[in-house]
Amino acid sequence: MWTRSRVRLASSVGLGLAIFLMSCQTPTPSLSEGEQPNRKLKAGFLMIDGVYNSELMAPYDIFQHTVFHTDHGIEVFTVAPTMEPVTTFEGLQILPHYSFDDHPPIDILVVASAEHNMDSDLENERLISWVKAIGKQSQYVMSLCDGAFVLAKAGLVEGRISTTFPSDIERYRSMFPQLDVRSDQSFVHDGQLLTSAGGAKSYDVALYLVHELYGEKVAQGVGRGLVIDWDPSDYQFLTIDR
C-alpha cells in the first residue's frame with residue numbers, strides 16, 4: 001500500500017498561516033500537468049571527491065533521457081570545485097564538465113551525496129558558498145541522500161520540509177534542530193526544494209520532477225528507456241503546496 005501525503009500551506013488575513021495535512025491510503029489525482037518548459041533547462045550536478053555513484057548517476061540518467069521524449073529536454077552537466085578529476089566513493093575517476101568558476105547558468109541544482117557531507121564538507125566555505133549562491137538562483141534544488149546536510153548548511157532548507165538517508169535522519173535532526181524533517185518518505189517536494197532518501201530511491205525523485213515539468217507521457221517514456229515502471233501510486237512521497 002502506498003501513501004502520498006500532501007501538505008497545503010495557505011495564508012488568511014489576520015490568521016497567518018494555516019496548515020492542512022491530508023494523508024490518503026488510496027490513489028490521489030495525477031501530478032500536475034502544466035505547460036512544458038519553452039526552452040531547454042540546464043541541470044548542474046555538484047560533483048566532489050567521495051560522491052556516491054548511485055546518487056550522482058541515477059538522476060543524471062533520468063534527466064539526460066528527457067531529450068529523447070521532448071523538444072526541450074534537460075541539458076545535464078557536472079560541476080566541480082576545479083577541473084581536476086573527481087574520485088567517487090566507489091573509486092571511479094570522472095572529469096567534470098565545468099568548475100565553480102566557469103559553468104553555465106543552472107536551472108536545476110543537483111547535490112548528490114558524498115562521503116563527507118556530514119562532516120568536513122560542511123566546513124568547506126567555498127563549497128557551501130557556491131551551493132548557497134547557485135541554489136538561490138535556481139528554479140529547483142535537489143539533494144540525494146546526505147546532500148541534504150549541505151543544503152541545510154547553505155541555508156536552503158530553512159522554512160521547508162525535508163528528508164535524507166534513513167539511517168542519518170536523527171543526525172540530521174540533531175545538527176539542524178530548527179528544521180522540519182520527515183522520515184519514511186522516498187522524497188519530499190517543498191516549493192523549490194526536493195530532498196530524497198537517496199540510493200536506488202534517487203531515481204524516484206528525478207522521475208517525479210520530470211513528470212512535474214513535462215507531464216506523464218514524458219515521464220513514462222523516460223522510465224521505459226531505463227526499464228523503470230513510472231506510476232506515482234507506487235511511491236511514498238510528500239508534496240507541499242504553498
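**Entry 1: H189**

I began with the burial of H189 in this predicted model, and I count the residue as buried because its relative accessibility is 9%, where the cut-off for buried is under 20%. I then placed H189 in the secondary structure and found it in strand β12, which spans residues 187-190.

Next I asked which polar partners the side chain of H189 has. I noted that it reaches the backbone oxygen of G191 at 2.8 Å, and that a polar contact of 2.6 Å joins it to the side chain of Y208. Leaving aside residues up to four places away in sequence, I listed the residues that H189 touches as Y140, L194, Y208, E212, L238, T239 and I240; Y208 thus appears both in this list and as a side-chain polar partner.

**Entry 2: the nonpolar core**

I turned to the largest nonpolar core, which has 67 residues, and recorded F63, I108, W130, V131 and Y172 as the members that touch the most others. Helix α5, residues 202-214, gives this core its largest share, with eight residues.

From these I picked V131 and looked up what it touches beyond four places in sequence: L46, L109, V150, L151, A154 and L156.

**Entry 3: strand β4 and its partners**

How enclosed is strand β4 by the rest of the structure? I found that five of its six residues, which run from 75 to 80, are buried, so I describe the strand as largely enclosed.

I then went through the pairing of β4. Strand β3, residues 42-46, pairs with β4 in the parallel sense over five bridges, and I noted V76 of β4 as the bridge partner of A43. Strand β7, residues 98-99, also runs parallel to β4 and is joined to it by two bridges, with S99 of β7 as the bridge partner of A80.

I also checked the connection from β3 to β4, and wrote down that β3, helix α1 (residues 53-64) and β4 make a right-handed β-α-β unit.

**Entry 4: the whole protein**

Lastly I collected the overall values. I have six helices and 14 strands for the protein, and buried residues make up 53% of its 242 residues. Among contacts with a separation of 6 or more, I noted that 66% are between residues 24 or more positions apart. For the accessible surface I entered about 11300 Å², with 51% of it belonging to carbon and sulfur atoms.

Note on methods
Residues numbered from 1 in each chain as written. Predicted model: local features only at pLDDT ≥ 70, side-chain atom pairs only at ≥ 80, totals over all residues. Heavy atoms only, no water. Buried < 20%, exposed > 50% of the residue type's maximum accessible area, 1.4 Å probe, protein only. Helix = DSSP H or I, 4+ residues; strand = E, 2+ residues; numbered from the N terminus. Pairing = 2+ DSSP bridges. Right-handed = clockwise from strand over helix to strand, strands pointing away. Contact = heavy atoms within 4.5 Å. Areas by Shrake-Rupley, 256 points an atom, 1.4 Å probe, with all protein chains shown as cover. Core = buried A, V, L, I, M, F, W, Y, C linked by side-chain atoms within 4.5 Å. Polar contact = N/O pair within 3.5 Å; in protein donor to acceptor, adjacent residues only side chain to side chain.
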